[in-house]
Amino acid sequence: MASVKVTCEVVGEGIEECELSADAAYGDLLSELGLSRHEATVLVDGSPVPADATVAADTVRVLRLIRGG
Amino acid sequence: MHCDKCGGPAVTHLAYSGLHLCEGCFSQSVEKRVRRRVREDGLVPDDATPDDPDTWVIGLSGGKDSVVLTRILHDTFEQDPRIELVGLTIHEGIEGYRDASVDACRELAADLDLRHELVSYEKEFGVRMDDVAANDPEGMAPCAYCGVFRRDVLERYAEELAADKLLTGHNLDDEAQTALMNFLEGDPEQIAKHFDASLGGFDDAAGETGGAREEQDTFVPRAKPLRDVPEKEVALYAHLNDLPAHITECPHASEAYRGEIGDLLLKLEENHPGTRHSIMAGYERLAEAAADAFRGGADDLGECDRCGAPTDNDVCRKCYLVDAVGGDITAAPE
């Protein structure tokens with residue numbers, strides 16, 4: 001299956017390149033980065049996107065959640 | 001992907017309910033859950049009036065949880081003179097970290113025109129957490145000292161501010177972790193205490209949910225109106241509503257066991273969406289049964305020889321620790 005390359009800016013941590021299958025979802029992208037979909041959100045053009053939506057951007061930002069209030 | 005409620009662009013998928021929600025419907029959903037918890041727990045007493053309002057002190061750290069809780073409660077009760085809100089912020093003496101979150105608290109309080117009180121470990125006990133963490137005379141995690149000091153300051157200032165309730169921003173992940181930790185530690189008495197301390201409803205809620213707590217004379221009663229909302233959703237709400245939350249982990253954070261339980265819960269949630277909700281639904285019923293079983297036991301607390309706080313020893317844990325770290329409780333202002 002064809003793959004897609006996505007540039008991910010993990011806010012406050014750095015930039016990583018990920019290679020995913022063409023039908024991968026944003027939740028799979030988070031897994032690739034070692035993050036759970038329950039602790040991080042993917043932002044496309046500044047807006048959060050559902051973790052089960054198919055990846056449709058080649059550049060994203062990833063907002064990590066921090067434990068503790 | 002579209003919002004299941006209005007058809008707008010979805011910003012999140014709540015796997016445990018299957019719903020996709022847009023920005024507006026998601027925010028409404030979070031607010032609705034907080035208001036439902038306030039109602040079901042009977043937080044607004046029947047006898048609260050504009051002349052004799054119920055005062056709620058909110059532990060406002062400046063992190064996402066307490067900021068979101070404060071904002072939603074403010075918006076809910078802004079026009080209701082039966083409820084008075086006060087934000088209480090504690091500076092633990094953690095340079096950089098807490099300075100930034102105190103700024104977030106001040107900004108929020110100014111935005112909301114909220115009464116805001118700031119206290120510090122340095123003024124209360126003559127200590128700073130940065131020094132406590134560096135010296136560590138008891139060989140404990142920094143959180144173990146800090147938790148004891150924080151509880152003491154919150155309780156004393158809640159009393160001083162004439163609070164009827166002390167509210168904290170614990171979210172669903174926090175509560176599910178605590179539930180699992182209490183269970184794994186094999187401590188039903190702790191589970192019973194958890195129910196009477198913060199999980200059970202107030203008398204006014206009896207009949208609606210059936211789970212009323214036993215009134216406690218010694219402490220201002222606590223409540224956690226954010227405890228139905230998963231941590232990720234709290235953070236997303238803060239982000240979408242542009243709230244001045246300070247999102248950085250405490251440099252001394254060290255609750256290794258809680259972190260391990262948190263990771264386990266996230267893995268379970270990934271494979272079995274709704275695990276945190278079902279843990280809490282079952283745990284609350286068990287906790288109520290445990291509270292019924294253990295109430296009326298020998299929990300007669302005496303007074304600490306030094307500060308007069310309730311304790312079952314001669315000297316309370318807080319005074320013992322303040323002494324151990326070279327602090328002084330007489331540093332506390334009258």
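Is K224(B) buried or exposed? At 8% relative accessibility, K224(B) counts as buried. This residue belongs to a predicted model, and the report below places it among the salt bridges of chain B after describing how the two chains meet.

## The interface between chains A and B

The size of an interface is often given as the accessible area lost when the parts come together. Here chain B and chain A bury about 2,000 Å² between them, and 56% of this area lies on carbon and sulfur atoms. On the chain B side, K232(B), L266(B) and E270(B) contribute 28% of the area that chain B buries against chain A, more than any other three residues. In terms of contacts, 28 residues of chain B meet 20 residues of chain A.

Polar pairing across the boundary can be counted as well. There are 5 residue pairs in polar contact between chain B and chain A, with both residues of each pair at pLDDT 80 or more. The elements of chain B that give two or more residues to this side are strand 1 (10-14), helix 2 (64-77), helix 9 (231-240) and helix 10 (256-271). By residue class, the side of chain B that touches chain A divides into 8 nonpolar, 11 polar and 9 charged residues.

Side chains of opposite charge can pair when their charged atoms come close. Between chain B and chain A the count is 1 salt bridge. R37(A) and E270(B) meet through their side chains in a salt bridge, at 3.0 Å from N to O. E270(B) is also one of the three residues named above for their share of the buried area.

Two buried residues illustrate contacts across the boundary. E269(B) is found in helix 10 of chain B and is buried, with a relative accessible area of 1%. Leaving aside neighbours within four places in sequence, E269(B) is in contact with H38(A) from the other chain, and with Y16(B), G274(B), T275(B) and R276(B). On the opposite side, T41(A) has its place in strand 3 (residues 40-44) of chain A and is buried at a relative accessible area of 5%. Not counting residues up to four places away in sequence, T41(A) touches P48(A), R61(A), V62(A) and L63(A), together with K232(B) and L236(B).

## Salt bridges within chain B

Over all chains, the structure holds 29 salt bridges. Three that lie within chain B are listed here.

| Pair | Closest N to O distance |
|---|---|
| R222(B) and E155(B) | 4.0 Å |
| E175(B) and K224(B) | 3.1 Å |
| R306(B) and D323(B) | 3.6 Å |

R222(B) forms a salt bridge with E155(B). This pair links distant parts of the chain, with R222(B) in strand 7 (residues 222-223) and E155(B) in helix 6 (residues 142-160) of chain B, 67 residues apart. R222(B) counts as buried at 18% relative accessibility, and E155(B) counts as buried at 18% relative accessibility.

The side chains of E175(B) and K224(B) also meet in a salt bridge. E175(B) lies in helix 7 (residues 172-184) of chain B and K224(B) in the loop between strand 7 and helix 9 of chain B, so the pair ties together parts that are 49 residues apart in sequence. E175(B) is buried, with a relative accessible area of 1%, and K224(B), as stated at the outset, is buried at 8%.

R306(B) and D323(B) form a further salt bridge. R306(B) sits in the loop between strand 8 (302-303) and strand 9 (310-311) of chain B, and D323(B) in helix 12 (residues 317-324) of chain B, 17 residues apart. R306(B) is partly exposed, with a relative accessible area of 47%, and D323(B) is partly exposed at 46%. Salt bridges that share partners also join R37(B), D41(B), R227(B), D228(B) and E284(B) into one network.

## Cysteines

How many disulfides are there over all chains? The count comes to 0. C3(B) is in no disulfide, and the nearest cysteine sulfur, that of C25(B), is 3.8 Å away. Because a disulfide requires two cysteine sulfur atoms within 2.5 Å, this distance of 3.8 Å does not qualify. C3(B) is buried, with a relative accessible area of 5%. C304(B) is likewise in no disulfide, with the nearest cysteine sulfur, that of C316(B), 3.8 Å away. C304(B) counts as buried at 4% relative accessibility.

Notes. Residues numbered from 1 in each chain as written. Chains lettered and ligands numbered in written order. Predicted model: local features only at pLDDT ≥ 70, side-chain atom pairs only at ≥ 80, totals over all residues. Heavy atoms only, no water. Contact = heavy atoms within 4.5 Å. Buried area = accessible area lost by both parts, 1.4 Å probe. Polar contact = N/O pair within 3.5 Å; in protein donor to acceptor, adjacent residues only side chain to side chain. Helix = DSSP H or I, 4+ residues; strand = E, 2+ residues; numbered from the N terminus. Nonpolar A, V, L, I, M, F, W, Y, C, P; charged D, E, K, R; others polar. Buried < 20%, exposed > 50% of the residue type's maximum accessible area, 1.4 Å probe, protein only.
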